[in-house]
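Let's take a walk through a protein model together. Have the sequence and the 3D view open, and look up each residue as it comes along.

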Amino acid sequence: MELTERKKQVLKIVVEEYVRTAEPVGSRTIAAKMGGVSSATIRSELNALTELGYLEQPHTSAGRAPTHRGYRLYVDSLMEHQRLSLRETEAINAALRTRLEEMDRIIAQAGRAASAFLNYPTYAAAAGKKKLSVRRFDLIGVDPGQCIAVLMLSSSRVKSQLLRLQLPVEPEQLPALANLLNAHFTGLAGDSIEERVMDLTGQLPPNVFLLLSQIAAYAGDVLEEQQRSIVTAGARELLKLPEFRDAGKAHALMSFLSDGKEALPVPEEDAPVKILIGPENVSNALRDASVVVASYDIGDEMRGLIGVVGPTRMDYAQVAARLTGFAEGMARLFGAKPLPPKEESQS
């Protein structure tokens, strides 16, 4: 059913007032904002919106609050897209301006900065646009019981680890094993490496095969970790929100942000911003929450993600604008485009 313009106006006021106050919105508040419309007419519109599933009435004598469906219509059709003020833009740029040597540290710093700026829990990640693989293997002998495996990934990142061998392997055997790895295991995604190991069963001496299996397992773990490594920040911000005053409810979501963060949503390749409201989230832990997530280009076939987790009573326009500002700032930080010059203050 297509809503009339007056119903849309009433719904818009209810959403924005509820976002601002966290209290159900009554007809008097709406009448004061609309002007010239009687409280009786507004009550009729509120009843109709409630019957259509856009609003709910927490208590008989209370005002109305938006439902997930009401928030969705607001996000899709009613909210006004905000422009960042110069002060907000400068605050975001200042939070992102410091360059750190490691991409992981930059991503984590961005998540913490966004959480402090938005006052919501955030998550940040670097993810491969394509499946990662190992570009080159190198093995460095330490002694017959240990060696260092060095992996250069298709993202140009280098990972290494000291391996303690189950059976001794002489250092002079390592160059041949490295050649074997480079001939048969480069260019493979993590889920294909284990299959290739099984193809070589019985073709190598037991000690060499065991070392090959260790290196392959390490490579698989690295590729899985690097494909989407998520860091979260600001989970305790939930405790400041009225919706999460219930300790059990807050603990459940905070535990998910700590232990289940790999299930947090990511936007599609061509969608810079994605908004998921309540039950639109696949994870049960997010059924009473909303997620806004933005993506940006890092280069080297990588993209970054930065997202916010909060109540359905979220100022979606503001959060989307600020999160987009962070994403654009991160793209500039990684070299996609320069930071805009500061405007000179007028004296």
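## A glycine in a helix

Start with glycine 70, which sits in helix α4; helices (H or I, at least four residues) and strands (E, at least two) are DSSP runs, numbered from the N terminus. Before going on, note that this is a predicted model, where local features need pLDDT of at least 70 and side-chain atom pairs count only at pLDDT 80 or more, while totals for chains, interfaces and linings use all residues. Residues are numbered from 1 along each chain as its sequence is written, and side-chain values use heavy atoms, with hydrogens and water left out.

Is glycine 70 buried or exposed? Its relative accessibility is 0%, so glycine 70 counts as buried. Buried means under 20% relative accessible area, exposed means over 50%, and partly exposed is in between (1.4 Å probe, protein chains only). If we skip residues up to four places away in sequence, glycine 70 touches Leu11, Val15, Gly53 and Tyr54; a contact means heavy atoms within 4.5 Å. Threonine 50 is 20 residues from glycine 70 in sequence, and their C-alpha atoms are 9.5 Å apart in space.

## Two rings that meet

Now for some aromatics. The structure holds two aromatic pairs. Rings of Phe, Tyr and Trp (its six-membered ring) pair if their centres lie within 6.5 Å; planes under 30 degrees apart count as stacked, over 60 as edge-to-face and the rest as tilted. Tyrosine 71 and tyrosine 316 have ring centres 5.7 Å apart and planes at 65 degrees, so this pair is edge-to-face. The pair links distant parts of the chain, with tyrosine 71 in helix α4 (residues 68-78) and tyrosine 316 in helix α11 (residues 316-333), 245 residues apart. Both tyrosine 71 and tyrosine 316 are buried.

Threonine 312 also has a link to this story. You'll find threonine 312 in the loop between β10 (302-311) and α11. Setting aside neighbours within four places in sequence, threonine 312 has contacts that include Tyr71, His68 and Ile277.

## Three loop residues

Here are three loop residues side by side.

| Residue | Loop between | Relative accessibility |
|---|---|---|
| Alanine 22 | α1 (5-21) and α2 (27-34) | 19%, buried |
| Asparagine 119 | α6 (103-118) and β3 (122-128) | 43%, partly exposed |
| Threonine 312 | β10 (302-311) and α11 | 15%, buried |

Check the backbone too: phi of alanine 22 is near 65 degrees, a positive value in a residue other than glycine. Asparagine 119 also has a positive phi, near 65 degrees, and is likewise a residue other than glycine.

## The whole protein

Time to zoom out. The protein has 11 helices and 10 strands. Of its 347 residues, 47% are buried. Take the contacts between residues at least 6 apart in sequence: 62% of them join residues at least 24 apart.

What lines the largest pocket? There are 16 lining residues, and Ala189, Gly190, Asp191, Gly220 and Glu224 lie nearest the pocket's centre. On a 1 Å grid over the protein atoms alone, a pocket is an open set of points where a 1.4 Å probe fits, with protein on both sides within 12 Å along at least five of seven lines; lining residues have an atom within 4 Å of a point. Helices α8 (190-199) and α9 (206-227) each supply at least two residues of the lining. The largest share, eight residues, comes from α9.
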